[in-house]
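Got your viewer open and a selection box ready? Let's take a walk through the chains together, one stop at a time.

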Amino acid sequence: MLRTLRALPTLLGVGLSEAVAYRAEFLVWLLSTNMPLVMLALWSAVARGGPVGRFGQPDFAAYFLVALVVRLLTGAWVIWELTYEIRNGTLAFRLLRPVHPLLAYACENVAAMPLRLALSLPVALVFFLAVGHSHLTSDPLLWAIFPFAIVGAWLITFLAMSLVGALAFYVESAGSIFEIWMGLFGVFSGYLVPLDLFPKPVTALARLLPFRYMLAFPVETAIGLLGRGRVLAELGLQWLFVGVIGALALFAWRLGLRRFAAYGG
Amino acid sequence: MRRYLALLFVQLRASTALALQYRVEFLGEGLLALFWTLWSLVPLLVVYGHRPAVAGWSFDEALVVMGWFTLMKGILEGAVNPSLTSVVEHIRKGTLDFVLLKPADAQFLVSTAKFEPWRAVDLAAGLALFGVAFHRMGRWPALPDVVKGFVLLACAAVALYSIWILVIAAAFYVVKVDNLSFLFSSIFDAARWPSTVFRGAWRLIFTFVVPLALMTTYPALALLGRLDLLTTALSVLGAALFATFARLVWLRSIGHYTSASS
């Protein structure tokens with residue numbers, strides 16, 4: 001445990017220099033997170049004639065710009081590396097190190113945070129110029145909770161990817177399973193449509209699924225759609241999901257490693 | 001010409017044989033494609049649940065655009081993507097030499113190298129969406145409009161293919177382009193909406209940089225009988241110019257190919 005802690009700064013350093021070394025690729029990868037902007041354009045067109053539900057044009061702008069920032073901060077790509085390394089057998093190298101591979105992946109991911117923050121800044125700037133801060137919540141408690149909501153959202157994203165990635169120990173098409181997960185994410189996380197605009201039963205269903213806590217929850221907290229009580233309750237639920245999905249991921253990982261034969265490596 | 005047709009037939013047969021080996025995957029991917037088509041209707045349903053029309057497009061008309069989007073996606077993922085991803089692999093490993101040595105045009109060989117026949121599900125789904133849309137409108141498109149629509153479909157496929165050839169040409173210079181394909185798919189996703197919905201910068205990008213309007217909105221307008229002949233002619237001209245440009249860039253950049261591993 002102590003050894004792992006001592007390795008952390010180095011792991012983070014390596015991750016950061018990797019992200020800087022492949023900055024062009026990193027930039028392209030982040031540019032492909034353009035869906036919120038497309039949806040913003042679309043919903044603005046819809047709201048041109050008057051507000052939709054409780055969303056007017058500026059509300060949509062606030063929602064999708066914050067969604068873009070949250071997505072930039074919480075995105076992860078571990079599943080592609082994981083399935084690739086399991087299939088190719090190169091995972092064996094990671095297993096030789098005295099650090100849990102999932103932790104190493106997590107460090108690589110977190111280490112890119114300065115770059116992600118740098119890319120989120122222009123979005124935030126556009127936000128203040130185009131929408132103004134009146135569309136953000138002014139409650140200091142909510143702002144204190146917001147970082148935890150972001151960390152929780154990132155953890156769910158990362159752990160779910162690890163869980164599905166660990167399935168690559170068993171099946172070859174873990175990628176397709178993840179595609180289904182992403183499809184569900186698109187609808188139930190509020191990525192394409194703010195969850196409020198769905199019919200009531202769908203909104204209620206979304207509250208029971210993990211997807212909402214990966215995006216809509218932090219976004220709605222920041223733009224002040226939720227009251228204090230709701231935010232606290234949902235934060236608890238979010239971290240419950242983190243715990244459950246984390247435990248499942250570790251379990252699947254441990255079971256899967258037994259089958260790992262490093263073929264082709 | 002006949003030789004190339006025969007070659008195309010051979011390549012198609014090889015891909016089909018390969019696909020038939022993995023029957024379970026065939027079924028799984030087919031079902032997945034069907035799921036995606038239905039699932040991608042959700043945002044459309046929500047939008048039109050709140051409004052009868054958006055930027056002058058009724059639900060049924062937007063459904064026609066969605067039909068073209070599904071068709072184009074089938075073409076992209078079934079006929080264009082698989083071959084061109086394998087070229088990138090060839091370039092990186094240096095095995096493109098074997099392709100270049102063959103006595104046929106290299107661009108033709110690399111672009112027909114691999115097909116994924118189960119993407120035909122997407123084509124069927126696209127046609128089904130047309131069926132539903134026009135059934136709900138209570139009228140059927142006139143024959144000249146259908147012809148116009150399919151001429152534009154050909155143009156769209158050519159434009160899509162040319163963009164890909166340009167991406168591949170980039171691969172001769174900057175070996176790693178996997179991410180570029182990812183970026184392209186993410187942009188292409190916006191084609192499911194009528195292009196007139198977008199304004200300002202997005203509209204410029206979607207009309208001239210990545211001609212999404214040409215790929216789905218114009219064919220839909222043609223099928224709805226709202227596209228004049230001039231725009232059709234201009235689209236054909238534009239697609240032809242684009243293809244010529246891509247061909248020239250391809251010829252230029254293949255001259256830069258320096259077999260990676262030898």
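Before we click on anything, one term: two residues are in contact, or "touch", if their C-beta atoms, placed from the backbone, lie within 7 Å. Keep in mind as well that this is a predicted model.

**Stop 1: the heart of the core**

Select B:Leu160. Which residues does B:Leu160 touch, not counting those up to four places away in sequence? They are B:Met72, B:Ile75, B:Leu76, B:Val80 and B:Met215. Now widen the view to the largest nonpolar core, which has 143 residues. Along with A:Ile156 and B:Met72, B:Leu160 touches the most other members of that core. To see what gives the most to this core, color helix H4 of chain B, residues 59-93: 16 residues come from there.

**Stop 2: chain B as a whole**

Zoom out and show chain B as a cartoon. You should find 12 helices and two strands. Following the sequence, their order is α-α-α-β-β-α-α-α-α-α-α-α-α-α. Chain B has a radius of gyration of 19 Å, close to the 18 Å that the globule rule gives for its 262 residues, so chain B is as compact as a globular protein of that length. If you line the view up with the principal axes, the C-alpha trace spans about 60 × 40 × 35 Å. Of the 262 residues, 37% count as buried. Contacts in chain B often reach far along the sequence: taking those with a separation of 6 or more, 80% are between residues 24 or more positions apart.

**Stop 3: a lysine on the inside**

Next, pick B:Lys148, which sits in helix H8 of chain B, residues 143-173. Is B:Lys148 buried or exposed? It has 24 C-beta neighbours inside 10 Å, so B:Lys148 counts as buried; the cut-off for that is 20 or more. Leaving out residues up to four places away in sequence, B:Lys148 touches B:Ala222, B:Leu227 and B:Thr232. Try the distance tool on B:Lys148 and B:Thr232: they are 84 residues apart along the chain, yet their C-alpha atoms are separated by 7.4 Å.

**Stop 4: an alanine with a positive phi**

Now jump to B:Ala55, in the loop between strand E1 (53-54) and strand E2 (57-58) of chain B. Check its backbone angles: phi is positive, about 50°, although B:Ala55 is not a glycine. With 17 other C-beta atoms within 10 Å, B:Ala55 is partly exposed.

**Stop 5: where the chains meet**

Show both chains and select the residues in contact between them. On the chain B side there are 26 residues, and they meet 20 residues of chain A. Three elements give two or more residues to the chain B side: helix H2 (23-39), helix H3 (42-50) and helix H9 (178-188) of chain B. Which of the elements gives the largest share? That would be H9(B), with six residues. Color the chain B side by class and you get 18 nonpolar, four polar and four charged residues.

**Stop 6: over to chain A**

Hide chain B for a moment. Chain A has 13 helices and zero strands. A compact globule of 265 residues would have a radius of gyration near 18 Å, and the 19 Å of chain A agrees with that. The C-alpha trace of chain A spans about 60 × 40 × 35 Å along its principal axes, and 38% of the 265 residues are buried.

**Stop 7: a pair of helices**

Select residues 35-46 and 57-74 of chain A, which are helices H3 and H4. Their axes come within 9 Å and cross at roughly 170°. That makes H3(A) roughly antiparallel to H4(A). From H3(A), the contact includes A:Pro36, A:Leu37 and A:Trp43; from H4(A), residues including A:Phe60, A:Phe64 and A:Arg71 take part. Sorted by class, this contact has 10 nonpolar, two polar and one charged residues.

**Last stop: further along the helix**

Stay on helix H4 of chain A and click A:Leu73. There are 18 C-beta neighbours inside 10 Å, so A:Leu73 counts as partly exposed. Setting aside neighbours within four places in sequence, A:Leu73 is in contact with A:Arg116, A:Ser120 and A:Ile150. Finish with one more distance: A:Leu73 and A:Thr90 are 17 residues apart along the chain, and their C-alpha atoms are separated by 28 Å.

Terms used:
Residues numbered from 1 in each chain as written. Chains lettered and ligands numbered in written order. Predicted model: local features only at pLDDT ≥ 70, side-chain atom pairs only at ≥ 80, totals over all residues. Axes fitted to C-alpha atoms, helices over the stretch in contact; angles between N-to-C directions. Helix = DSSP H or I, 4+ residues; strand = E, 2+ residues; numbered from the N terminus. Parallel < 35°, antiparallel > 145°, perpendicular 65-115°, else oblique. Nonpolar A, V, L, I, M, F, W, Y, C, P; charged D, E, K, R; others polar. Core = buried A, V, L, I, M, F, W, Y, C linked by C-beta atoms within 7 Å. Buried ≥ 20, exposed ≤ 12 C-beta atoms within 10 Å, placed from the backbone. Rg over C-alpha atoms; globule rule 2.2 N^0.38 Å.
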